[in-house]
Amino acid sequence: MDYFLLRQSGSIQIPKEKGHQAGEPSIRIMENVASLDKFDYLATEALISNRLKLLFEQYLLEQDWQPCSFVEPQKGAEKTFWFLPPLSYQPEQITFASNGLPCSVLVKEEDFAGKSPGIFYLPNPKGNPFVIVHLSVAESILRRGYCGLELDRI
């Protein structure tokens, strides 16, 4: 089965919320909220846009999505992203390349579309977990033309 690493293309500085608890909504003051229009995925906190959330909801049924709103009070602008919900599935085997990126995963055939929803996290000893998507999700992402993200085959 084919899987892809979801990566952010380009860079952007987003404000962090001090003391933010996982599973809680977040509101952050930010200058130039319009700069977020170039992104549908923010890797630093696994944040996805409203557009990408609509697709992911088809694979992650009955999840509790928490918003993260970026607000620019001077212009009255706001852009909402969503924290990718906690995903408990772990593949049978994970192999990492020398640069620390995942290079292969083994998902049991009987797990696919059952225990594995086609989207899952891999642990990252250097920071935020990696988000992995199945080929079917990757194809949907490419067809819809989301921006600010890359898909690297693993």
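At 40% relative accessibility, Asn32 counts as partly exposed, because that share falls between the under 20% that defines a buried residue and the over 50% that defines an exposed one. This residue, which belongs to a predicted model, sits in the loop between strand 2 (26–29) and strand 3 (41–42), and its backbone has a positive phi of about 60 degrees although Asn32 is not a glycine. Most residues other than glycine have a negative phi. A positive phi also occurs at Ala46, which is likewise not a glycine and has a value of about 50 degrees. Ala46 lies in the loop between strand 3 and strand 4 (47–49), and at 8% relative accessibility it counts as buried, because the limit for that class is under 20%.

From these two loop positions one can step back to the chain as a whole. The protein holds two helices and 11 strands, and from the N terminus on its elements follow the order β-β-β-β-α-β-β-β-β-β-β-α-β. Its radius of gyration is 16 Å, close to the 15 Å that the globule rule gives for 154 residues, so the protein is as compact as a globular protein of that length. Taken along the principal axes, the box that the C-alpha atoms fill is roughly 50 × 35 × 30 Å. Of the 154 residues, 43% count as buried, while the accessible surface comes to about 8,600 Å², with 50% of it belonging to carbon and sulfur atoms. When contacts between residues at least 6 apart in sequence are considered, 65% of them join residues at least 24 apart. As for charge, the protein has 15 positive and 19 negative charges, and the mean positions of the two sets are 5 Å apart.

The interior comes next. In soluble globular proteins, nonpolar side chains tend to be buried together. Here the largest nonpolar core has 22 residues, and those that touch the most other members are Ile48, Leu52, Phe56, Leu84, Ile119, Val131 and Ile141. At least two residues of this core come from each of strand 1 (3–8), helix 1 (50–59), strand 9 (119–122), strand 10 (130–134) and helix 2 (135–144). Val131 offers a good place from which to look around: leaving aside residues up to four places away in sequence, Val131 touches Phe4, Leu5 and Leu6, then Tyr41, Ala46 and Leu84, and finally Ile119, Phe120 and Tyr121. Ala46, the buried loop residue with the positive phi, is thus met again among the contacts of Val131. A second, separate core has 12 residues, including Met30, Leu36, Leu42 and Phe81.

Two charged residues of helix 1 can be set side by side. Lys53 is found in helix 1, and at 13% relative accessibility it counts as buried. Not counting residues up to four places away in sequence, Lys53 touches Ile48, Trp65 and Trp82, and Ile48 is one of the core residues that touch the most other members. The C-alpha atoms of Lys53 and Cys103, which are 50 residues apart along the chain, are separated by 26 Å. Glu57 is also found in helix 1, but with a relative accessible area of 28% Glu57 is partly exposed. Between the C-alpha atoms of Glu57 and Lys16 there are 25 Å, with 41 residues separating them along the chain.

Two further glutamates lie in loops. Glu24 is found in the loop between strand 1 and strand 2, and at 43% relative accessibility it counts as partly exposed. Its contacts, leaving aside neighbours within four places in sequence, are with Gln66 and Phe83. Glu24 and Trp65 are 41 residues apart in sequence, and their C-alpha atoms are 9.2 Å apart in space. Glu92 lies in the loop between strand 6 (77–83) and strand 7 (93–96), where, not counting residues up to four places away in sequence, it touches Leu106 and Lys108. Glu92 and Gly76 are 16 residues apart in sequence, yet from C-alpha to C-alpha they are 47 Å apart in space.

Definitions and conventions
Residues numbered from 1 in each chain as written. Predicted model: local features only at pLDDT ≥ 70, side-chain atom pairs only at ≥ 80, totals over all residues. Heavy atoms only, no water. Core = buried A, V, L, I, M, F, W, Y, C linked by side-chain atoms within 4.5 Å. Buried < 20%, exposed > 50% of the residue type's maximum accessible area, 1.4 Å probe, protein only. Helix = DSSP H or I, 4+ residues; strand = E, 2+ residues; numbered from the N terminus. Contact = heavy atoms within 4.5 Å. Rg over C-alpha atoms; globule rule 2.2 N^0.38 Å. Areas by Shrake-Rupley, 256 points an atom, 1.4 Å probe, with all protein chains shown as cover. Lys, Arg positive; Asp, Glu negative; His and termini not counted. Charge placed at Lys NZ, Arg CZ, Asp CG, Glu CD.
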